[in-house]
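Trainee: Hi, have you got a few minutes to go through a model with me?
Mentor: Sure, put it up and ask away.

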Amino acid sequence: IGHIIEQIAEFHPQIVLPLLLVARNSNSGKPDSEFRPTKLKLLNSIESVSTEVDFLNRQNDDDNDRRADIEILLNIDEKRARVLVEIKMFDSFLLGQLQDYIDWANKTNEIDDVRKVVILTAYPLSNEEMQLIYKSPNICHMYLSDLTEQLDTDFGSELIDLFKKYKYEI
């Protein structure tokens, strides 16, 4: 799914807009104070959409390096934002994976002004996982079905229409 979204986003970046909107609203249900751009500003600020991106490298233990399924880089009013998307279709979190995302999202650094994580799932998460997500202001959950329903077909993109049809069929 990540690779399909990446390829479509190269020509039709609006495919990631629902992910950015849910990240913008995070767990509060309203736009985050540091991340308030409008839909149009979000769309125009997308610099890149990439898959299989390293976001956590531990120098001492190669087995614990982490890769995000999708990374969306934005430049909003000279501020850099990174939104990581972890996709869970038929698998579950690896040991410590969700906590690593939470720690990454809450860590400040000199490069990113805003960090967000979207957990995109086909099926419900456990109560424990949902509680961890709910308690973290920079991480949120979205169902694949919600992504599919929120894709705007007003842009006239056959690729997005085909992606929606594919998602409905599976």
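Mentor: Let's talk about helix 1, the cores and two glutamates.

Mentor: This is a predicted model, where local features need pLDDT of at least 70, side-chain atom pairs count only at pLDDT 80 or more, and totals for chains, interfaces and linings use all residues. Residues are numbered from 1 along each chain as its sequence is written, and side-chain values use heavy atoms, with hydrogens and water left out.

Trainee: Which residues are buried in helix 1?
Mentor: In helix 1 (residues 2-11), they are Gly 2, Ile 5, Glu 6, Ile 8 and Ala 9. Buried means under 20% relative accessible area, exposed over 50%, partly exposed in between (1.4 Å probe, protein chains only). Helices (H or I, at least four residues) and strands (E, at least two) are DSSP runs, numbered from the N terminus.

Trainee: And which residues touch the most others in the largest nonpolar core?
Mentor: Of its 35 residues, these are Ile 15, Val 16, Leu 19, Phe 35, Ile 72, Leu 74 and Val 118. Helix 2 (residues 17-25) contributes the most, 6 residues. Such a core is a set of buried Ala, Val, Leu, Ile, Met, Phe, Trp, Tyr and Cys residues joined through side-chain atoms within 4.5 Å.

Trainee: New topic: where is Glu 78?
Mentor: Glu 78 sits in the loop between strand 2 and strand 3. Its phi is positive, about 65 degrees, although it is not a glycine.

Trainee: Is Glu 78 buried or exposed?
Mentor: Exposed, at 74% relative accessibility.

Trainee: What about the phi of Glu 52?
Mentor: Glu 52 has a positive phi too, about 50 degrees, and lies in strand 1.
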